[in-house]
Amino acid sequence: MSRATVGLMVGMALGFAGWFGGFGAFLVVAALGAVGCVVGRLLDGDDFDLREFLNSGRRGRR
């Protein structure tokens, strides 16, 4: 599955949570999604470096 498809699904899930459950539900879904992402990367066997994950968006701006 491409990253664009995953991003679309996450965005739709957050949108539904925000629309039907309010801002608190939006935050819970976003936090659980982030935890799921970390657990998934660990289970895939990827070396997980939090600094690399947080700085990934800054590489393209240089």
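Val38 is partly exposed, because its relative accessibility is 27%, and the partly exposed class lies between the 20% and 50% cut-offs. The model is a predicted one. Val38 sits in helix H1, which spans residues 3-43. Asp49 comes 11 residues away from Val38 along the chain. The C-alpha atoms of Val38 and Asp49 are 10.0 Å apart.

Now step back to the whole chain. Its secondary structure consists of 2 helices and 0 strands. There are 62 residues, and 3% of them are buried. The exposed surface of the chain comes to about 5,300 Å². Carbon and sulfur atoms account for 65% of that surface.

Part of the surface forms a nonpolar patch. Its members are Leu8, Met12, Phe16, Trp19 and Phe20. Together they have about 680 Å² of accessible area. Take Leu8 as an example. Leu8 belongs to helix H1. Its relative accessibility is 52%, so Leu8 counts as exposed; the cut-off for that class is over 50%. Phe20, another member of the patch, is exposed because its relative accessible area is 67%.

The aromatic rings come next. How many aromatic pairs does the structure hold? It holds 2. Phe16 and Phe20 make up one of them, and the pair is stacked. Their ring centres are 6.1 Å apart, with 15 degrees between the planes. Both residues lie in helix H1. They are 4 residues apart, about one turn of the helix. Phe16 and Phe20 are thus partners in a ring pair as well as members of the nonpolar patch.

Phe23 and Phe26 also pair. Why does this pair count as stacked? The ring planes of Phe23 and Phe26 meet at 20 degrees, and planes under 30 degrees apart count as stacked. The ring centres lie 5.9 Å apart, and pairing requires centres within 6.5 Å. Phe23 and Phe26 are 3 residues apart in helix H1, so about one helical turn separates them.

Is Phe23 buried or exposed? Phe23 counts as exposed, because its relative accessibility is 60%. Phe26 has a relative accessible area of 29%, so this residue is partly exposed. The stacked pair of Phe23 and Phe26 therefore joins an exposed residue to a partly exposed one.

Technical notes:
Residues numbered from 1 in each chain as written. Predicted model: local features only at pLDDT ≥ 70, side-chain atom pairs only at ≥ 80, totals over all residues. Heavy atoms only, no water. Buried < 20%, exposed > 50% of the residue type's maximum accessible area, 1.4 Å probe, protein only. Areas by Shrake-Rupley, 256 points an atom, 1.4 Å probe, with all protein chains shown as cover. Patch = residues over 30% accessible without salt bridge, like charges linked within 9 Å, V, L, I, M, F, W, Y side chains within 5 Å. Salt bridge = Lys/Arg side-chain N within 4 Å of Asp/Glu carboxyl O. Phe/Tyr/Trp six-rings, centres within 6.5 Å; stacked < 30°, edge-to-face > 60°.
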